[in-house]
Amino acid sequence: MPFIIPANTLAASGFDVDNSCRFNIASSDSLSRTPSSGSNRKTFTISMWVKGTTTTTQSLISAGTTGGEYNFNVQWIASKLSIIGNADSSSIMDLKTTALYRDFSAWYHFVLAFDTTQSTAANRVKVYVNGVQETSFSTETYPARNTNIQINNNTPHSFGMSASNSQFWGGYMAELILIDGSALAPTSFGEFDEDSGIWKPIKISGLTFGTNGFYLEIKQSGTSANSSGLGADTSGNTHHFTVNNLTAINSTTDTCTNNFCTWNSLDTFYNTMTFQEGNTQGTKPNSTVE
């Protein structure tokens, strides 16, 4: 599948994404919000641009209770994209891609379209990566028809950590969108460049976000849950996210239309080297920070 632009490249996309949010595992960074009331838990769409794939288990977005009885998690597990759901402490959904996503320098666009009212199981959850539907799964358990997912419930929703307040994310996120009430195709959020064939973001317009929908553009750098914060919602719904351990420095210009070079954490020259701050820093065995 086509990947987004290589490192240290500025895309001539016609639409530029100015900012992303950089998450650091060591400081347990996250964005979180609890909706004041529940909404459509059967039909919704999640769209996000992500950079910083991992070989460990890290969470991109989650919703639900910390005890694990009722939760929803989108995770990278051993470089595979995984969508997991639980209810009454039992699994109701488990999708793990066969494909391995381990290009540490690339931006990926994930679109997850849910409609559990569909009679065909495979149509209840559709996974798109860089504009292409993913249909090959090493684990493939779809939710039962008319299942309520934790997204859009009045439980905590988070970017950068799991529903159990663990498995923190170390990387970048941009253009974080939830559409409440519609299962959309990736063409609502991106398109293939007519010259390069590369999947790129588009300016979203005419979308109905729904009751609990939001659009996080990371335009601001404040640390409060308001229009000046990193988690400001610009959809018009004002569903601003709370900033947890993030500061102004976590707002970066490394985006899906302006991709910067970062360390490749698959590098084994120093087999105990650790990486942090979105792979912009690496610590060698002698504790020297590069």
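**Notes on a predicted all-strand model**

1. Ser89, at 51% relative accessibility, counts as exposed, because the cut-off for that class is over 50%. In this predicted model, Ser89 is found in the loop that runs between strand E7 (80-87) and strand E8 (90-97). When neighbours within four places in sequence are left aside, Ser89 is in contact with Gly68 and Glu69. Gly67 is 22 residues away from Ser89 in sequence, and the two C-alpha atoms are 8.8 Å apart in space.

2. As for the overall make-up, the protein has zero helices and 22 strands. It consists of 290 residues, of which 53% count as buried. Among the contacts with a separation of 6 or more, 66% are between residues 24 or more positions apart.

3. The largest nonpolar core has 41 residues, and those that touch the most other members are Leu60, Ile83 and Phe159. Beyond the residues up to four places away in sequence, Phe159 touches Phe23, Ser30, Leu31, Met48, Leu60, Ile61, Met173, Leu176, Phe214, Leu216 and Phe241. Another core, of ten residues, lies apart from the largest one and includes Ile177, Ile179, Phe209 and Tyr215. As general background, nonpolar side chains tend to be buried together in soluble globular proteins.

4. Charged pairs deserve a careful look, since the structure holds five salt bridges. In one of them the side chains of Asp254 and Lys51 meet, with 2.8 Å from N to O. Asp254 lies in the loop between strand E19 (251-252) and strand E20 (258-259), while Lys51 belongs to strand E4 (residues 43-51), so this pair ties together parts that are 203 residues apart in sequence. Both Asp254 and Lys51 are buried. Lys96 and Asp94 also form a salt bridge, in which the closest N and O atoms are 2.8 Å apart, and both Lys96 and Asp94 are buried.

5. A further salt bridge brings together the side chains of Glu217 and Lys219, at 3.8 Å from N to O. How buried or exposed are Glu217 and Lys219? Glu217 has a relative accessible area of 16% and is therefore buried, the limit being under 20%, whereas Lys219 counts as exposed at 53% relative accessibility. Elsewhere, Glu191, Asp193 and Lys200 are joined into one network by salt bridges that share partners.

6. Which side chain of opposite charge is nearest to Glu134, and how far away is it? The nearest is that of Lys80, which is 11 Å away, and Glu134 is buried yet has no salt bridge. Glu134 is found in strand E11 (residues 132-134), and its side chain is joined to that of Tyr101 by a polar contact of 2.8 Å.

7. Gln75 has its place in strand E6 (residues 71-77) and, at 5% relative accessibility, counts as buried. Its side chain makes a polar contact of 3.0 Å with the side chain of Ser59. Outside its neighbours within four places in sequence, Gln75 is in contact with a list of residues that includes Thr57, Gln58, Ser59 and Leu60, as well as Lys80, Leu81, Ser82 and Ile84, and also Ser162 and Gln167.

8. Two backbone angles should be checked by eye. Most residues other than glycine have a negative phi. Asn130, although it is not a glycine, has a positive phi of about 50°; this residue sits in the loop between strand E10 (125-129) and E11, and at 0% relative accessibility Asn130 counts as buried. Glu175 is likewise a residue other than glycine with a positive phi, its value being near 50°, but Glu175 is found in strand E14 (residues 171-180). With a relative accessible area of 5%, Glu175 is buried.

9. How many disulfides does a search of the whole structure find? The number is zero. Two of the cysteines may be noted here: Cys21 is buried, with a relative accessible area of 0%, and Cys256 is buried, with a relative accessible area of 0%.

Definitions and conventions:
Residues are numbered from 1 along each chain as its sequence is written. This is a predicted model: local features need pLDDT of at least 70, side-chain atom pairs count only at pLDDT 80 or more; totals for chains, interfaces and linings use all residues. Side-chain values use heavy atoms; hydrogens and water are left out. Helices (H or I, at least four residues) and strands (E, at least two) are DSSP runs, numbered from the N terminus. Buried means under 20% relative accessible area, exposed over 50%, partly exposed in between (1.4 Å probe, protein chains only). Lys and Arg count as positive and Asp and Glu as negative; His and the chain ends are not counted. A salt bridge is a side-chain nitrogen of Lys or Arg within 4 Å of a carboxyl oxygen of Asp or Glu. A polar contact is a pair of N or O atoms within 3.5 Å; within protein, one must be able to donate a hydrogen and the other to accept it, and residues adjacent in sequence count only if both atoms are side-chain atoms. A disulfide is a pair of cysteine sulfur atoms within 2.5 Å. Contact means heavy atoms within 4.5 Å. A nonpolar core is a set of buried Ala, Val, Leu, Ile, Met, Phe, Trp, Tyr and Cys residues joined through side-chain atoms within 4.5 Å.
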